[in-house]
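Visitor: I'm new to this. Could you show me how to read a protein model?
Guide: Sure, let's look at it together.

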Amino acid sequence: MVAGEVTSEQTPILDCRVVVERGSFDLDAEVVVKPGEIVAVMGPNGAGKTTLLEALIGWLPMSAGWILLDGQTIEAPGEDEITQTHQREIGMVFQDGLLFPHLNVRRNIEFGGEVSESNVRALLAALEIEDLKENRPQELSAGQRQRVALARTLATEPKLVLLDEPLAALDVSGRARARKLIGKVLRDTSAGALFATHDPADAFALADKILVLEAGRVTQYAAPDQIRTRPATEWVAGLIGWNYFEAMGEGAVVTLPNGTEIATALGDLDGPVAVTINPTAVALYLTQPTGSPRNCWTCQVESIEFLSDVARVSLTGPFNLSADITKSAVNELGIKSGSEVWASLKATEVSVQTLADE
């Protein structure tokens with residue numbers, strides 16, 4: 001399965017292959033979520049993130065595949081009777097919370113269904129909204145409303161929680177606080193969670209795994225550290241700010257479409273490959289560096305963007321390349337847009353992944 005292995009001792013909360021056809025767009029994605037696991041769903045606009053969530057909750061018909069919730073089939077087109085949305089033990093948290101304006105916080109939470117008083121009290125305390133229980137939604141901040149919406153969903157003790165851009169409406173400080181509280185509460189339950197987001201900060205801070213959807217297909221499903229260090233596609237590389245190229249590998253060298261060669265630390269390359277380079281691994285010099293590094297090119301500075309003490313230097317030359325250096329290094333080199341520099345890269349810093357030969 002795309003989503004990886006699950007031990008025989010642990011039944012996944014969610015085990016599914018979702019196939020949905022919507023006009024010219026089709027989604028075909030396999031996902032496995034373990035108990036207590038938080039999975040972020042990322043991808044460009046139109047990749048199928050919301051389609052996946054809506055199919056799981058039963059709002060969109062599947063044309064093929066299966067959905068197993070805690071080992072029980074709730075949908076498998078052509079094989080089993082479909083379990084209706086209200087019977088799926090799946091909770092959904094929307095971007096805007098969808099709270100009832102005429103009910104206070106406590107009543108909104110209790111509206112989700114049969115909930116225990118002790119569970120409501122525990123959620124109020126865990127999400128730090130206990131002092132707001134008599135307030136109406138219009139008296140709350142965006143972050144507080146999202147915490148109430150999550151509490152309402154969790155109060156019914158669902159086996160799986162779906163969240164669609166739950167932090168999109170929050171400001172920076174509100175996101176950080178909500179992220180921390182939501183992550184803690186989700187992990188304290190045995191439910192699994194699947195949340196769609198456009199924000200990599202939310203995904204990397206909250207998720208145990210990140211599922212990347214592109215054009216309706218899973219292109220990477222891995223732990224955040226692997227996403228950071230081994231992006232599988234150009235979109236993922238762009239998301240985390242890495243350089244990405246597709247090339248042909250032969251021996252220890254990869255050759256870009258324009259003929260530029262990049263030396264690697266490998267020796268058995270043979271065929272199509274994806275090359276990723278961390279911008280922090282690219283060193284810049286005003287003159288050709290000594291020692292004859294295997295990868296060294298003359299380039300022109302296209303632009304320099306600063307983020308705190310880091311400068312992202314965009315380069316043009318044999319190929320486009322980004323380098324991250326310190327602000328002080330920019331001042332020491334005296335470079336600006338239009339400056340000529342030498343870019344150097346160690347062969348050991350070139351990450352190569354084999355691509356399927358078309």
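**Reading the inside**

Guide: Start with the largest nonpolar core, which has 41 residues; I109, I129, L150, V161, L163, L186 and I210 have the most contacts inside it. Helix α4, residues 142–155, gives the most to this core, with 6 residues. Keep in mind that this is a predicted model.

Visitor: Which residues does I210 touch, leaving out those up to four places away in sequence?
Guide: With those left out, I210 touches A40, M42, A203, F204, Q220, Y221, A222, P224 and I227.

Visitor: And which residues does the second core include?
Guide: That separate core has 33 residues, including V31, V33, L52 and M62.

Visitor: Back to the helix. Is α4 largely enclosed or open?
Guide: Here's the general idea: an α-helix has 3.6 residues a turn, so residues three or four places apart point the same way. Now the case here: 11 of the 14 residues of α4 are buried, so the helix is largely enclosed by the rest of the structure. Among the buried ones are G143, Q146, L150 and L154.

Visitor: What span should α4 have?
Guide: At 1.5 Å a residue, its 14 residues should span 20 Å, and the end C-alpha atoms are 20 Å apart, which agrees. After α4 comes E157, with a positive phi near 55 degrees.

Visitor: Does E30 count as buried or exposed?
Guide: Buried means under 20% relative accessibility. E30 sits at 18%, so it counts as buried. You'll find E30 in strand β2, residues 25–33.

Methods:
Residues numbered from 1 in each chain as written. Predicted model: local features only at pLDDT ≥ 70, side-chain atom pairs only at ≥ 80, totals over all residues. Heavy atoms only, no water. Helix = DSSP H or I, 4+ residues; strand = E, 2+ residues; numbered from the N terminus. Buried < 20%, exposed > 50% of the residue type's maximum accessible area, 1.4 Å probe, protein only. Core = buried A, V, L, I, M, F, W, Y, C linked by side-chain atoms within 4.5 Å. Contact = heavy atoms within 4.5 Å. Expected span 1.5 Å × (residues − 1).
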